[in-house]
Amino acid sequence: MTRVTLPVTLGHEVSGWIDASGADAGQDLEAAGLQTGNPVLVFGGWGCGECRECGSGNEQRCPVSRSPGFQVDGGYAEAMLVPEARHLLPLGTLDPVRAAPLADAGLTPYHAVRRAAPWLQPGAGVLIIGFGGLGQFAFQYLRRPSGLRVTVRDLNPDKMALAATMGADGAVEADVEERGDEADRLQDVIFDFVGSDETLVHAARRLAPGGLLMIVGEGGGKLQIGFDAPAVESWVTTSAWGSMEDLRQVVALAADGGLTWDVELMPLAEAAIAHERLAAGHVRGRIVLVPPVNRSIARLAARAYNSRTITEWGHGSRTAS
């Protein structure tokens, strides 16, 4: 599958309100417990709904999936079309503007940590590489099991300070030579939220025999695999986004107050500036782009379409790790 199909409107972390629905959408919305005006979060793994992966609940792995902001128009707009009611998750009392980053920054690390559960036993050493939006959520999920020793590695000294404030057992600047115990300590589980050549080499060097390397970041890096590389009897895998059930669990945690995350609001018209700030590493958590319409105006505009739409009230921009 082509990763990005151009031209396309960006925006894959999308939340808003249901403003209008097509003639054939009523039953599906009712079955999903939704109606016009409800605040929702958009699940971005839009699969065919018929293949083995979709049937197993892993629609994000569908071989013909099409996702907003990648292959179809996404949320950098006043409104966007969502093809199926099953891709909409009720937000209840959660603020849609703040909730937008949950669609990826919250979901993707949840899925990765859940898959790593067999390795996350008391006493296990865990390394998080990249402490941007995804890494910060991952740290919170890893703090739920007891007895893990979690270390964070990032280029940004401010993010290292944040990791220490959040309670990390160790924080290592990526461009500073490691010394003492940290230089020799092997890790049972490594989550790489960057995925560059440099981070993958570092992860391979630090992975313990029998350990797990979970590659989540799409930094374009390559990893050489051999009999004892990264380490003998170790496991290397990727983790892509997450399932709708994963997203339900993330939203439930957020609604119960079990998660915290930084959100900075910027006007949609300043999207280019937001991307520049992200590329420069000047964003602590997530930027949410807000379009220049209020809810009532957006709903009136959406009714002009005989299709299912939601207002793109909040879209979380990807952070630089």
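**Legends to the close-up views**

**View 1. The protein chain as a whole.** Among the contacts of the protein chain that join residues at least 6 apart in sequence, 70% link residues that are at least 24 apart. The model is predicted, and its chain of 321 residues, of which 54% count as buried, contains 11 helices and 14 strands. The accessible surface of the chain amounts to about 14,600 Å², and carbon and sulfur atoms account for 52% of this surface.

**View 2. Confidence along the chain, and two stretches with low values.** The mean pLDDT of the protein chain is 88, with 88% of its residues reaching 70 or more. Over residues 294–313, however, the pLDDT is below 50, although the model gives this stretch 76 contacts beyond near neighbours in sequence. Residues 317–321 likewise have a pLDDT that stays under 50, and for them the model shows 26 contacts beyond four places in sequence.

**View 3. The open sheet of six strands.** The strands of this open sheet are arranged in the order 7-6-5-8-9-10, and their pairing is parallel. Strand 7 (170–173) and strand 10 (235–238) each have a single partner strand, so they stand at the edges of the sheet, and one side of each is left without a neighbour there. From one strand to the next, the twist averages 15°.

**View 4. Strands 8 and 9, with the helix that packs on the sheet.** Strand 8, which covers residues 187–192, runs parallel to strand 9, which covers residues 207–215, and five bridges join the two. Within this pairing, valine 189 stands opposite leucine 212, a residue of strand 9. Helix 5, made up of residues 133–142, packs on the sheet, where it touches strand 5 (125–129), strand 6 (149–154) and strand 8. The direction of helix 5 makes an angle of about 165° with the direction of strand 5.

**View 5. The surroundings of valine 82.** Valine 82 is found in the loop that lies between strand 3 (79–81) and strand 4 (88–90). Is this loop residue, valine 82, buried or exposed? Its relative accessible area is 2%, and because a residue counts as buried when this value is under 20%, valine 82 is buried. Valine 82 and serine 21 are separated by 61 residues in sequence, while in space the distance from C-alpha to C-alpha is 9.6 Å.

Terms used. Residues numbered from 1 in each chain as written. Predicted model: local features only at pLDDT ≥ 70, side-chain atom pairs only at ≥ 80, totals over all residues. Heavy atoms only, no water. pLDDT = per-residue confidence, 0-100. Contact = heavy atoms within 4.5 Å. Helix = DSSP H or I, 4+ residues; strand = E, 2+ residues; numbered from the N terminus. Buried < 20%, exposed > 50% of the residue type's maximum accessible area, 1.4 Å probe, protein only. Areas by Shrake-Rupley, 256 points an atom, 1.4 Å probe, with all protein chains shown as cover. Pairing = 2+ DSSP bridges. Axes fitted to C-alpha atoms, helices over the stretch in contact; angles between N-to-C directions.
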